[in-house]
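Visitor: Got a minute to walk me through this one? I'd like to start with how the helices pack.

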Amino acid sequence: MVMKHILFDLIDCPFDFLDEEEFIKDSLINASVIARSPYLKIETHKFDPQGVTGYALLEESHMSIHTWPEKGIAKCDIFCCGDKSKPKEAVEYLHRRFKSQEVRRWVCDRSSKIITVL
């Protein structure tokens with residue numbers, strides 16, 4: 001089984017996208033479909049004065065989005081455990097959907113037996 005974990009930042013996104021709870025929820029739903037990782041549950045929370053956190057509990061792990069509209073960034077991750085999942089396609093979808101000017105990503109293969117102690 002392949003376990004892919006992608007952490008990524010969406011940089012220079014429009015404020016309105018990052019501050020709209022329904023937009024974040026819809027983004028998680030669509031990204032899970034695109035990643036071929038069906039969701040079991042989606043939860044979001046809108047902060048005051050701005051910002052949204054949302055996560056999708058997936059059949060084979062999770063996906064999350066945390067936004068800072070005042071900085072124009074969303075910090076996200078997708079962890080998929082299935083051989084059929086396509087998390088990189090979901091990252092590209094979110095990059096386009098949020099109209100980010102840049103995406104920075106870190107990919108980790110968590111299926112290996114290498115253990116790193118921090």
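Guide: Sure. Helix α2 (residues 21-34) and helix α3 (residues 87-97) have axes that come within 8 Å and cross at roughly 150°. Keep in mind that this is a predicted model.

Visitor: So are α2 and α3 roughly parallel or antiparallel?

Guide: Roughly antiparallel, because angles over 145 degrees count that way and the crossing is roughly 150°.

Visitor: And is the crossing of α2 and α3 left-handed or right-handed?

Guide: α2 passes α3 in a right-handed crossing.

Visitor: Which residues meet there, α2 against α3?

Guide: From α2 you have Phe23, Asp26, Ser27, Asn30, Ala31 and Ile34, and they meet Glu89, Ala90, Tyr93, Leu94 and Arg97 of α3. By class, that contact has six nonpolar, two polar and three charged residues.

Visitor: Which residues of α3 are buried?

Guide: Pro87, Ala90, Val91, Tyr93, Leu94 and His95 are buried in α3.

Visitor: What follows α3?

Guide: Lys99 does, and its phi is positive, near 50°.

Visitor: Back to α2 for a second. Is Ser32 buried or exposed?

Guide: Ser32 is in helix α2 and is buried, at a relative accessible area of 1%.

Visitor: What does the side chain of Ser32 reach?

Guide: The backbone oxygen of Ile29, at 2.8 Å. Not counting residues up to four places away in sequence, Ser32 also touches Ser37, Pro38, Tyr39, Leu58 and Met63.

Visitor: Let's switch to another serine. Where is Ser61 found?

Guide: In strand β4, which covers residues 61-68. Ser61 has a relative accessible area of 19%, so it counts as buried, the cut-off being under 20%.

Visitor: Which backbone oxygen does the Ser61 side chain reach?

Guide: That of Phe79, at 3.3 Å. With residues up to four places away in sequence left out, Ser61 touches Ala56, Phe79, Cys80 and Cys81.

Visitor: Now the strands. What's the relative accessible area of Ile6?

Guide: It's 2%, so Ile6 is buried. Ile6 sits in strand β1 (residues 4-11).

Visitor: How far apart are the C-alpha atoms of Ile6 and Ile78?

Guide: They are separated by 5.3 Å, though the two residues are 72 residues apart along the chain.

Visitor: What else is Ile6 in contact with?

Guide: Leaving aside neighbours within four places in sequence, Ile6 contacts Cys76, Asp77 and Ile78, then Pro87, Lys88 and Val91, and also Arg105, Trp106 and Val107. Two of those names came up earlier: Pro87 and Val91 are among the buried residues of α3.

Note on methods. Residues are numbered from 1 along each chain as its sequence is written. This is a predicted model: local features need pLDDT of at least 70, side-chain atom pairs count only at pLDDT 80 or more; totals for chains, interfaces and linings use all residues. Side-chain values use heavy atoms; hydrogens and water are left out. Axes are lines fitted to C-alpha atoms, for helices over the stretch in contact, and angles run from 0 to 180 degrees between N-to-C directions. Helices (H or I, at least four residues) and strands (E, at least two) are DSSP runs, numbered from the N terminus. A crossing is left-handed if the near helix is turned anticlockwise from the far one by less than a right angle, and right-handed if clockwise. Contact means heavy atoms within 4.5 Å. Ala, Val, Leu, Ile, Met, Phe, Trp, Tyr, Cys and Pro count as nonpolar, Asp, Glu, Lys and Arg as charged, and the others, Gly among them, as polar. Buried means under 20% relative accessible area, exposed over 50%, partly exposed in between (1.4 Å probe, protein chains only). A polar contact is a pair of N or O atoms within 3.5 Å; within protein, one must be able to donate a hydrogen and the other to accept it, and residues adjacent in sequence count only if both atoms are side-chain atoms.
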